[in-house]
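Hi everyone, thanks for coming along. I'd like to walk you through a structure that is new to most of us, so please have a look at it with me.

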Amino acid sequence: MHSSDKKIASYGLLICLSLLTACTSNQTHDSTTRYINNASSQQTENQDWPSFGRDYANKRFSENKQINTGNIKNLSTAWEFKSGVKSTFQATPIVVGGVMYVSLPFNHVVALDAKTGKEIWRYKHDRRQDWNMCCGPANRGVAVGYGKVFIGTVDARLIALDANSGKKLWDIDAVDAAVITEGQDSLNKNDPNSHAKTTGGTGVGMAMAPVVYNGKVIIGITGVGYGLHIDNPREDAPLGAVIGVTGRYGRPGFLAAFDVNTGKRVWQFDTIPEQGWEGTFKETISGGISLNRDIQTEKASLAKYPDSARFGGGSAWSTPAIDTELGLLYFGTGNPSPQMNDVSRPGDNLYTVSLVALDANTGKLRWYYQQVPHDVWGYDLASPPILFNYQYQGKSISAVGQASKLGWFYINDRTTGELLMKSDAFVPQKNLFAKATFEGVTLYPGILGGSNWSPAAIDENTQRAFVAAIHAPIKYTLHETPGKDGAAPIRYAASEPADELRWGVLSAINLSTGKVVWQNKVDQPMVGGVLVTAGGLLFTGEGNGNFNAFDAHDGKLLWQDKNDYGVNAPPITYQIDNEQYIAVAAGGSSIFGYKQGDSLRVYKLKNN
């Protein structure tokens with residue numbers, strides 16, 4: 001028996017999650033589901049990180065306090081793994097039974113001994129070369145359960161691997177075909193972006209880490225409202241521009257569940273409904289803030305675009321949270337398509353830019369809360385939702401929280417979807433919901449956020465949320481190019497970094513009051529995510545290679561390590577043989593211009 005297998009057996013894990021045996025999956029709340037659901041209550045000498053957000057709540061909080069504010073100065077490198085794949089590295093490592101599973105850029109997967117970093121097996125993904133890779137090579141993680149490892153790919157495939165060997169067990173196409181993408185030939189020839197290099201556009205891929213639940217693996221597609229992404233000629237510079245062209249590009253997004261043993265689709269929820277997608281033509285968001293919509297013109301044009309839903313967008317970017325008692329699943333949706341250009345999509349564009357609750361077993365809609373109806377700024381719900389018990393007006397309420405691109409932390413009732421609270425802004429806001437003009441208008445947060453895809457964390461005991469965020473002023477500009485053969489001019493919108501200072505901000509938010517308790521400003525926009533522990537620590541990284549530990553109470557920097565590449569992935573913690581470890585990927589981000597690499601760094605206390 002392999003040494004890793006011996007360790008697994010000795011840990012006494014539930015057989016459903018071991019590397020040795022796959023389980024049947026037709027039971028309600030089977031062993032895998034129970035194990036992930038109870039991950040936060042592990043009190044043994046070995047503590048795993050078995051799912052993207054650790055458990056189904058996505059809190060990214062650990063009760064482990066072996067590493068704490070008193071001894072954090074003794075934290076040092078336990079081991080480092082170099083994958084050999086240098087590219088944007090966003091993965092959350094998954095640790096089960098002493099084995100760490102990591103998705104690499106371009107959907108390769110490795111299994112490592114979580115105590116030593118030794119490679120156990122490697123899966124090399126054979127990507128379809130004829131597939132338009134809409135959104136770059138990054139992947140945010142795998143799901144592990146039922147003796148398998150699951151990964152969604154940049155070419156829209158869902159793959160199951162044997163957890164013991166890495167052998168491919170099944171491989172399915174999640175979508176029927178690639179979609180039509182916009183091209184630079186639609187841009188005005190005088191627009192410098194018409195000749196610039198592009199790094200992506202509307203298409204279909206899978207970026208999120210899947211989640212396993214009750215014999216199903218659940219995942220969504222991305223890129224269906226992506227827009228043209230213009231590269232910056234400098235490798236260390238952020239994305240140049242994002243352009244939304246009027247046209248019939250894309251398709252509806254979806255979240256779907258597949259049988260873990262066969263890959264057969266169990267249910268699918270389309271993020272754009274065939275009927276009713278126009279909604280009620282809301283003029284404001286919560287709090288009465290105007291969306292600056294021309295409702296009369298939208299209603300008048302509704303009959304011209306009866307099939308808008310066919311190209312509606314609404315990507316599913318982040319891993320859902322699941323309430324196993326209510327049987328509800330929560331996820332966020334992306335912007336409508338075409339991105340930033342609303343000529344062909346009047347109405348509220350349901351269910352885009354929404355927090356959505358589904359029946360986790362059937363995929364049926366239970367409720368939705370649309371943060372931004374008729375979005376033309378790119379305000380997707382990108383950061384994963386978080387489930388927690390909310391202390392509200394003297395009551396404890398089952399709530400779902402989400403750190404938004406708009407710069408507010410939203411809290412909704414988990415059962416009804418009612419908005420309970422919206423925090424104070426954790427980033428500066430200016431010209432919110434201003435429309436693009438031919439001269440260009442600068443607003444923020446803008447398309448980058450706010451809180452981008454970075455997972456936030458919640459300490460339920462202190463009723464605090466911790467958010468890594470971005471201040472990046474964005475200029476929105478309208479362009480027009482003559483139509484062909486006497487056709488009407490083609491109008492499109494571009495968003496690009498304004499010539500203003502940008503930075504990152506790390507915030508602690510009091511969930512009871514919505515007030516920002518403390519805040520740290522760093523030189524660069526923050527993307528990657530946070531981890532909070534009962535040891536009073538908050539871990540997060542920066543694009544310059546810094547990996548930091550802060551005092552979660554007051555935000556004081558207590559420890560820092562320097563990496564060769566940007567630390568732009570979410571950290572995790574786990575314990576083996578009574579030793580606590582902290583792990584994080586360091587591989588940068590091309591969109592933000594952070595140095596890309598192939599490092600996975602794991603830390604523990606020097607004296608252990």
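Let me begin with a definition: a salt bridge here is a side-chain nitrogen of Lys or Arg within 4 Å of a carboxyl oxygen of Asp or Glu. You should also know that this is a predicted model, where local features need pLDDT of at least 70 and side-chain atom pairs count only at pLDDT 80 or more, while totals for chains, interfaces and linings use all residues. Residues are numbered from 1 along each chain as its sequence is written, and side-chain values use heavy atoms, with hydrogens and water left out.

Now, the overall picture. The protein chain has three helices and 39 strands. Both come from DSSP runs, H or I of at least four residues for helices and E of at least two for strands, numbered from the N terminus. Along the principal axes, the C-alpha atoms fill a box of roughly 75 × 50 × 50 Å. A compact globule of 608 residues would have a radius of gyration near 25 Å, and the 23 Å of this protein chain agrees with that. That radius is taken over C-alpha atoms, and the globule rule is 2.2 Å times the number of residues to the power 0.38.

How much of the chain is buried? Of the 608 residues, 65% count as buried. Buried means under 20% relative accessible area, exposed means over 50%, and partly exposed is in between, with a 1.4 Å probe and protein chains only. As for contacts, meaning heavy atoms within 4.5 Å, take those between residues at least 6 apart in sequence: 63% of them join residues at least 24 apart.

Let's go back to the salt bridges. The count comes to 19. One of them joins the side chains of K405 and D380, at 2.7 Å from N to O. K405 sits in the loop between strand 23 (395-403) and strand 24 (409-413), and D380 in the loop between strand 21 (365-370) and strand 22 (386-392), so this pair links distant parts of the chain, 25 residues apart. Are these two buried or exposed? K405 is buried, with a relative accessible area of 6%, and D380 is buried as well, at 5%.

Next, please find strand 10. D173 in this strand (residues 168-173) pairs with R128, which lies in the loop between strand 6 (119-123) and strand 7 (143-145), so the pair ties together parts 45 residues apart in sequence. Their side chains meet at 3.3 Å, N to O. D173 is partly exposed at 43% relative accessible area, and R128 is partly exposed at 22%.

Strand 10 also holds D171, whose partner R157 is in strand 9 (residues 157-162), 14 residues apart. Here the closest N and O atoms of the salt bridge are 2.6 Å apart. D171 counts as partly exposed at 29%, whereas R157 counts as buried at 8%. And there is a wider link: R128, D155, R157, K168, D171 and D173 form a network of salt bridges.

Now for two sheets. Strands pair through backbone hydrogen bonds, either parallel or antiparallel. In this analysis, two strands pair if DSSP finds at least two bridges between them.

One open sheet has four antiparallel strands in the order 2-39-38-37. Strand 2 (75-87) and strand 37 (572-576) are at the edges with a single partner strand each, so one side of each has no neighbour in the sheet. Inside the sheet, eight bridges pair strand 2 with strand 39 (residues 597-605) in the antiparallel sense, and K82 has S599 as its bridge partner there. Strand 38 (residues 579-586) joins strand 39 by five bridges, also running antiparallel, with A585 partnered by L600. Why is strand 39 described as largely enclosed? Because eight of its nine residues are buried, it is largely enclosed by the rest of the structure.

The other open sheet follows the order 27-28-31-32, four strands again with antiparallel pairing. Its edges are strand 27 (457-459) and strand 32 (516-522), each with a single partner strand, so one side of each is left without a neighbour in the sheet. Between them, strand 28 (residues 464-471) and strand 31 (residues 503-510) pair over eight bridges, and V467 finds its bridge partner in S507 of strand 31.

That's my tour, and I'm happy to take questions!
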